[in-house]
Structures are given as C-alpha cells and as structure tokens.
Amino acid sequence: MSRIGQQPIPIPSGVEVEIEGRHVVVKGPKGTLEHHTPYMITVTRVGDALTVARPDDERENRALHGLTRSLVNNMVVGVSEGYVKELEIVGVGYRVQAQGPSRLELQIGFSHSVPVEAPDGVTFEVPVPTRITVRGYDKQLVGQVAADIRKIRKPEPYKGKGIRYADERVLRKAGKSAK
C-alpha cells in the first residue's frame, strides 16, 4: 500500500474543492488550479479532507496513487499558501533589476542585459540586486520559471559565478596547477 497515497489531504478554510468525475478544481485566495486524474484513480471528499484511492495493487496503479495524492496536495497548498523559490546571483558586476512585478533585467556578464518575463500566476521580487524571489501558487510553474532563470547563466565550477538556488552548493574544481 502506498504510504503517501493513503494520507488524507486536509482542506484549509478559504479553499473550495470541486470534483466532477476525474476533473479536480481547487480554488483559493491565491488562485485556481485544475487537474485531470488518471482513469483508475478516484478522488473523494470526506468532511474537511480529500482521499485518493486506487482499484487494485497493480504496479502502475500504485505509482499513480501516490503521484495523484501529491499533485492534489500541491494544488491545495499552492492556492492557500503559495510557493517560493529564491535565486542568488554570484559574480563581480552581476546584478538584477526589477521592472515591475512580472519583469526582470539581468546583467550577468553578457554584452547585453537579458530580459525575463513572468508567466501569469508568477511574480518576481528583488530584495537586493543579487537575489531573486520567484512567487506563485502553482508549484510546477514556480520551479520551472526558477530553473529557466538559472539556465541563463549556470554556476560554473571554477569561480562559482552564475545564478544558483539559494540553498544550492556549487562544487568547486581546482584550477591549473603550476609545474
């Protein structure tokens, strides 16, 4: 039995959940998210919680059981609390400037500045010129936007310059050795 799939999903106050067959819609103060569950997995509401069930113990059903429970739980947490990813910029002269809540200008060692636009549901904050905070209610979208920003200038292993996650450790390599 899936240990993750068995756990009920608590529904906080202010969050509405609509289940129509395989289609799950979660509405909250931060936004609205939708998900289509696989045909063999069922999501039901029991009081102030959601439960996810599977028909049998086949390998595919066991895998989809825990996955579906995690995705629905991420939706409930996202519309009630939201998700945050923080990025750091390391390098001499590397900085970021906010052009409103949904646009950034990165100056990271190229001959030009790099503009970054946020999709709907994602906002940027720049508390200091070397830190970016990505906020949103869709966990997958927040993570993808942060990964796309990091991909513009990945941290390099010799000096550690580039864009990295706030909690990321960059393994450093030794430079050239003298003879």
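1. In this predicted model, Ile 89 is a good residue to begin with, and leaving aside residues up to four places away in sequence, Ile 89 touches Tyr 94, Arg 95, Val 96, Leu 106, Ile 108, Pro 129, Thr 130, Ile 132, Gly 162 and Ile 163. Ile 89 is also listed among the residues with the most contacts inside the largest nonpolar core, together with Leu 106, Phe 124, Ile 132, Val 134 and Ile 149.

2. That largest nonpolar core has 20 residues, and the elements that each give two or more residues to it are strand 7 (83–90), strand 9 (103–107), strand 10 (114–117), strand 11 (122–125), strand 12 (131–136) and helix 3 (139–152). Helix 3 supplies the largest share, which amounts to 4 residues. Separate from this is a second core of 17 residues, and Val 15, Val 24, Val 26 and Val 79 are included in it.

3. Is Arg 150, a residue of helix 3, buried or exposed? Arg 150 counts as buried because its relative accessible area is 18%, and the cut-off for buried is under 20%. The side chain of Arg 150 makes a polar contact, at 2.7 Å, with the side chain of Glu 168. Again not counting residues up to four places away in sequence, Arg 150 touches Pro 155, Ile 163, Arg 164, Tyr 165 and Glu 168.

4. Turning to a sheet, strands 2, 3 and 4 form an open sheet of 3 strands in the order 2-3-4, and their pairing is antiparallel. Strand 2 (16–20) and strand 4 (32–36) are the edge strands, since each of them pairs on one side only. On average, and with direction ignored, neighbouring strands in this sheet are turned by 15° against each other.

5. Within the same sheet, strand 2 and strand 3 (residues 23–27) run antiparallel and are joined by 5 bridges; Glu 16, for instance, has Lys 27 of strand 3 as its bridge partner. Helix 2 (residues 59–80) packs on the sheet, where it touches strand 3 and strand 4, and the direction of helix 2 makes about 175° with that of strand 4.

6. For the protein chain as a whole, there are 3 helices and 13 strands, and buried residues make up 35% of the 179 residues. The radius of gyration is 21 Å, whereas a compact globule of 179 residues would have one near 16 Å. The C-alpha atoms fill a box of roughly 65 × 45 × 20 Å along the principal axes. Among contacts with a separation of 6 or more, 50% are between residues 24 or more positions apart.

Notes: Residues are numbered from 1 along each chain as its sequence is written. This is a predicted model: local features need pLDDT of at least 70, side-chain atom pairs count only at pLDDT 80 or more; totals for chains, interfaces and linings use all residues. Side-chain values use heavy atoms; hydrogens and water are left out. A nonpolar core is a set of buried Ala, Val, Leu, Ile, Met, Phe, Trp, Tyr and Cys residues joined through side-chain atoms within 4.5 Å. Buried means under 20% relative accessible area, exposed over 50%, partly exposed in between (1.4 Å probe, protein chains only). Contact means heavy atoms within 4.5 Å. A polar contact is a pair of N or O atoms within 3.5 Å; within protein, one must be able to donate a hydrogen and the other to accept it, and residues adjacent in sequence count only if both atoms are side-chain atoms. Two strands pair if DSSP finds at least two bridges between them. Axes are lines fitted to C-alpha atoms, for helices over the stretch in contact, and angles run from 0 to 180 degrees between N-to-C directions. The radius of gyration is taken over C-alpha atoms; the globule rule is 2.2 Å times the number of residues to the power 0.38.
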